[in-house]
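Here is a quick tour of one chain, from its overall build down to a few residues. Have the viewer open as you read.

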Amino acid sequence: MKKIVAYPGTFDPITNGHLDIIRRGANLFDGLVIFVAKSNEKHPLFTFEERIEMAQCLAKEFNNVSVMPLEGLLTTCLKENNIKVVLRGLRTMSDFEYEFQMALINKKLYPDLETVLMMSSSEFVFLSSSLVREIALLGGDVSKFVPPCVGKRLKRRPANNGRGLCI
């Protein structure tokens with residue numbers, strides 16, 4: 001039986017840190033599914049559809065990575081797709097506290113579910129989508145932090161300083 005892992009997130013935008021976790025997860029499992037969460041509560045910079053398209057662009061690099069939309073509870077979606085493992089990246093101790101809490105509640109909702117926590121590679125420990133958004137919206141260069149297909153999308157967004165985004 002193939003071991004498939006889910007990698008859920010809002011991915012607004014997807015960063016090189018996410019790509020690192022995807023690459024490493026794809027090497028450990030037979031298949032990896034990027035679940036792009038709708039999550040309007042976070043007031044995303046990119047639409048749900050744009051975030052799915054960016055994830056699909058990255059998935060093309062791999063023969064065992066696919067993308068699915070996530071509009072409800074993760075555990076419900078995982079049960080429906082018979083996926084029993086979730087992959088999450090850790091950068092800091094605060095990430096661990098949050099992910100530990102999520103893993104416990106998800107286990108209560110879906111007892112067959114296991115959560116695998118993967119440490120970020122050292123070069124990405126500082127990197128977050130919110131920092132990338134802020135830098136980009138203030139006109140900074142984020143080309144070192146995002147894959148090229150994401151950089152192209154960011155370039156189309158107007159910066160708060162009126163000069164456009166620097167990618």
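Contact here means heavy atoms within 4.5 Å. This is a predicted model, where local features need pLDDT of at least 70, side-chain atom pairs count only at pLDDT 80 or more, and totals for chains, interfaces and linings use all residues. Residues are numbered from 1 along each chain as its sequence is written, and side-chain values use heavy atoms, with hydrogens and water left out.

Start with the whole chain. There are six helices and five strands, taken as DSSP runs numbered from the N terminus (helices are H or I, at least four residues; strands are E, at least two). Walk along the sequence and the order comes out as β-α-β-α-β-α-β-α-β-α-α. With a radius of gyration of 16 Å, close to the 15 Å that the globule rule gives for 167 residues, the chain is as compact as a globular protein of that length. That radius is taken over C-alpha atoms, and the rule is 2.2 Å times the number of residues to the power 0.38. The C-alpha trace spans about 50 × 35 × 30 Å along its principal axes.

Of the 167 residues, 47% count as buried, meaning under 20% relative accessible area (exposed is over 50%, partly exposed in between; 1.4 Å probe, protein chains only). Among contacts with a separation of 6 or more, 74% come from residues 24 or more positions apart. About 9,200 Å² of the chain is exposed, with carbon and sulfur atoms supplying 55% of that area.

Now for two residues in helix 1. Arginine 23 lies in that helix, as does isoleucine 21.

| Residue | Relative accessibility | C-alpha separation |
|---|---|---|
| Arginine 23 | 36%, partly exposed | 9.1 Å to valine 65 |
| Isoleucine 21 | 2%, buried | 9.6 Å to leucine 90 |

Along the chain, arginine 23 and valine 65 are 42 residues apart, while isoleucine 21 and leucine 90 are 69 residues apart. Leaving out residues up to four places away in sequence, arginine 23 touches Glu61 and Phe62. On that basis, isoleucine 21 touches Tyr7, Leu87, Gly89, Met118, Met119 and Ser120.

How do helix 2 and helix 6 cross? The axes of helix 2 (residues 48–59) and helix 6 (residues 148–155) come within 9 Å and cross at roughly 150°. Axes are lines fitted to C-alpha atoms, for helices over the stretch in contact, and angles run from 0 to 180 degrees between N-to-C directions. The two helices are therefore roughly antiparallel, a label for angles over 145 degrees (under 35 is roughly parallel, 65 to 115 roughly perpendicular, the rest oblique). From helix 2, Glu50, Glu53, Met54, Cys57 and Leu58 meet Cys149, Val150 and Arg153 of helix 6. That contact is made up of five nonpolar, no polar and three charged residues.

Finally, some backbone oddities. Most residues other than glycine have a negative phi, and most peptide bonds are trans. Aspartate 12 and proline 13 are joined by a cis peptide bond, with omega about 0°. Proline 13 sits in the loop between strand 1 (4–9) and helix 1 (16–28). Phenylalanine 11 is also found in the loop between strand 1 and helix 1, and has a positive phi of about 50°. At 3% relative accessibility, phenylalanine 11 counts as buried. Asparagine 82 has a positive phi too, near 55°, and belongs to the loop between helix 3 (74–80) and strand 4 (85–90).

Conventions: Nonpolar A, V, L, I, M, F, W, Y, C, P; charged D, E, K, R; others polar. Areas by Shrake-Rupley, 256 points an atom, 1.4 Å probe, with all protein chains shown as cover.
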